[in-house]
Every structure is written in structure tokens, then in C-alpha cells.
Amino acid sequence: MSDVKSSRAAPKMPDSAASDPIDLLNDPPSTEPATHTVLSILREKILTGEIAAGSRLRAEALATEMNVSRTPIRSALAVLSAEGVVQYSVNRGYTVRSVTIGDILAAVEVRASLEGTAARLSVDLGWTPGDLARLQDCAIKGRAIVDRGDWSAEIEFEWYELNWIFHRTINIAARNPVLRAAMRMTILSPVSGDVIRVSPVVAAHVPQRLRQMPNRTPEHIQRSQADHEAILAAILADDAERAEQLMTAHVQATRARVHALATLR
């Protein structure tokens, strides 16, 4: 178990971190913009395995690596500890928690119910024109990607970024901070790509042939895109119950796919 090193170049801290409304879902709105950015970067590094399980997270080294003060680092580590991504002990400080595929499957199962509830609440409470336009834009852009037919790591990242915004926009529209806090507890795998490849915990249980990047739009992406459009249609129809059912089934489909592929080894 090694300490995190600070030899890599410091990532650029985006200027838009404070203004992007989507940040409000992934990060507690009471934190400073710098903490939002640090938290997002650290979480992704941990969930993708760039920072390995068992690694000690030293505030001083991380602050140097990310070119920020120790204050946002310490705040981000406290949030990650509350979310269960890292753990704290008096003797060792913060260390990256070991996550199992069982943990990830359990988290997705809970998230299905939470996201279904968010979809229902978003309809019950009503949508602002701006949020609804963002949701529709995600669906339109996602459909354009799927219909192109080509697929690559870059295209996959583009689609999953839209997927992230689509889900987070619905969760924000639910206007329930307790629900959002519970949702953060279920983020135990990366959101930037196909979980069976980008999560080292899941990938270790999936045969390599099933983790290859295809050159055509994968079937599970086509199904997910169709799900997004059906969920959007339910929201536009003001059908809260239908939106909840569709969203719950949509997230459960991810769990079913991971479980099926992981048991083929």
C-alpha cells in the first residue's frame, strides 16, 4: 500500500467549476468552488483506480499535485470519507477504501430506487424551462451520437458525459438535498465510461473479450439512449408514475448487465 505521489503534472482547475449548475448534484452546494473541483478529480482518480485502494491520501502531497491549498483538499477528503470512498483513522489518516464488485452492485440497486424517486419528484414539483431545455438537449445530442453508428473511446466519453448531465439534471429538478446526499453515497464507480471497462473493480471480473472497445454503437448504449427518450417523454407528458418506473428500470438494467457479464468469467 503506497502513498499517493505528487510527481504528475497538476491538472488545470476549470474556471467554470463554480458556475456549472450540475456541480450542485455531485458536490455539496455549501462547499467552495475549489473544493467542488478537487472533489470531482479525487473521486474519479480513486474510482478509476489511478489512486489504488489502500493508498494514503496526504493533504500536503495532494495540494502540491493539484496546485491548490490544503483547505479544499481537506474538505474534499472529509466529504469522500462521509461518502464511504475513503476511510479515516487516527494513526494512518485518510486511506482509499477497498471496494468490491458486491459493493458496486448494491450501490446501483439502491441508486435505481433513488433515481426513480427523483424522476417522480421532478414531475410532481414541475420543471423550469431552462432545466427542461437542458434535458431535451441531452436526449437530442445523445441520439445524434447513437445514430452516427461509429464508436470509440472519445465517442463513448462524449455520450457518457451527456448521460451524466441527463441524470443529474433530473436529480437536481427533484429539489431534494437529502435525496442528492443519498445519491452521492451510491457513486462507487466512474461515470465517464462503460463501467465494465473503466472500473477496475468490475473489469477484474469480466472476460477481456467483453471489455474490448467496439467500433460500432454498442447495444447497451442504444437501449440506454432509448430509455432516456422514453423518460423524457414521460416527463413531458407530466406522468410522474411512468417517469419513476422507467428511470428505476433504466438504472436496474445497468446492474443486470454488470452482474451478467461479471459472472461469465
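Start by selecting Thr 128, which is partly exposed, with a relative accessible area of 38%. The model on your screen is predicted. Thr 128 sits in the loop that joins helix H5 (101–125) to helix H6 (129–148). Now add Ala 173 to the selection and look at the two C-alpha atoms: they are 8.2 Å apart, although 45 residues separate Thr 128 from Ala 173 along the chain.

**A second threonine**

Next, select Thr 186, in the loop between helix H8 (177–184) and helix H9 (195–198). Is Thr 186 buried or exposed? Its relative accessibility is 5%, and buried means under 20%, so Thr 186 counts as buried. To see what surrounds Thr 186, show Ala 107, Val 110, Arg 111 and Leu 114; Thr 186 touches each of these, leaving aside residues up to four places away in sequence.

**The sheet**

Switch to a cartoon view and find the strands. In what order do the 3 strands of the open sheet stand? The order is E1-E3-E2, with antiparallel pairing. Strand E1 (56–57) and strand E2 (86–89) are at the edges; each has a single partner strand, so one side of each has no neighbour in the sheet. Select helix H4 (residues 70–83), which packs on the sheet and touches E1, E2 and E3. The direction of H4 makes about 105° with that of E2.

Zoom in on E2 and strand E3 (residues 93–96), which pair in the antiparallel sense over 4 bridges. Strands of a sheet pair through backbone hydrogen bonds, so display the backbone atoms here. Ser 89 stands opposite Gly 93 in E3.

**Aromatic pairs**

How many aromatic pairs does the structure hold? There are 2 aromatic pairs. For one of them, select Tyr 88 and Tyr 94: the rings are 4.9 Å apart centre to centre, with 55° between the planes, and the pair is tilted. For another, select Trp 159 and Tyr 160. Their ring centres are 5.1 Å apart and their planes stand at 85°; planes over 60 degrees apart count as edge-to-face, so this pair is edge-to-face. Trp 159 is buried, with a relative accessible area of 2%. Tyr 160 also counts as buried, at 11% relative accessibility.

**The cavity**

Keep Trp 159 selected, as this residue is part of the lining of the largest cavity. The structure holds 1 cavity of 30 Å³ or more, and the largest cavity has a volume of about 40 Å³. Add Cys 138, Ala 139, Gly 142, Leu 162, Asn 163, Phe 166, Gln 225 and His 228 to complete the lining. Which helix supplies the largest share of the lining? Helix H7 does, with 4 residues. H6, H7 (153–173) and helix H11 (219–236) each give at least two residues to this lining.

**The second largest pocket**

Finish at the second largest pocket, which holds about 560 Å³ of space. Of the 28 residues that line this pocket, select the closest to its centre: Arg 111, Tyr 160, Asn 163, His 250 and Thr 254. Some of these have appeared before on the tour: Arg 111 is one of the residues that Thr 186 touches, Tyr 160 forms the edge-to-face pair with Trp 159, and Asn 163 also lines the largest cavity. Colour H5, H7, H11 and helix H12 (240–262) to see the helices that each supply at least two residues of the pocket lining.

Key: Residues are numbered from 1 along each chain as its sequence is written. This is a predicted model: local features need pLDDT of at least 70, side-chain atom pairs count only at pLDDT 80 or more; totals for chains, interfaces and linings use all residues. Side-chain values use heavy atoms; hydrogens and water are left out. Two strands pair if DSSP finds at least two bridges between them. Contact means heavy atoms within 4.5 Å. Axes are lines fitted to C-alpha atoms, for helices over the stretch in contact, and angles run from 0 to 180 degrees between N-to-C directions. Rings of Phe, Tyr and Trp (its six-membered ring) pair if their centres lie within 6.5 Å; planes under 30 degrees apart count as stacked, over 60 as edge-to-face and the rest as tilted. Buried means under 20% relative accessible area, exposed over 50%, partly exposed in between (1.4 Å probe, protein chains only). On a 1 Å grid over the protein atoms alone, a cavity is a set of points where a 1.4 Å probe fits but cannot get out, and a pocket is an open set with protein on both sides within 12 Å along at least five of seven lines; lining residues have an atom within 4 Å of a point. Grid points are joined across faces, edges and corners, and a volume is the space filled by probe spheres set on the points.
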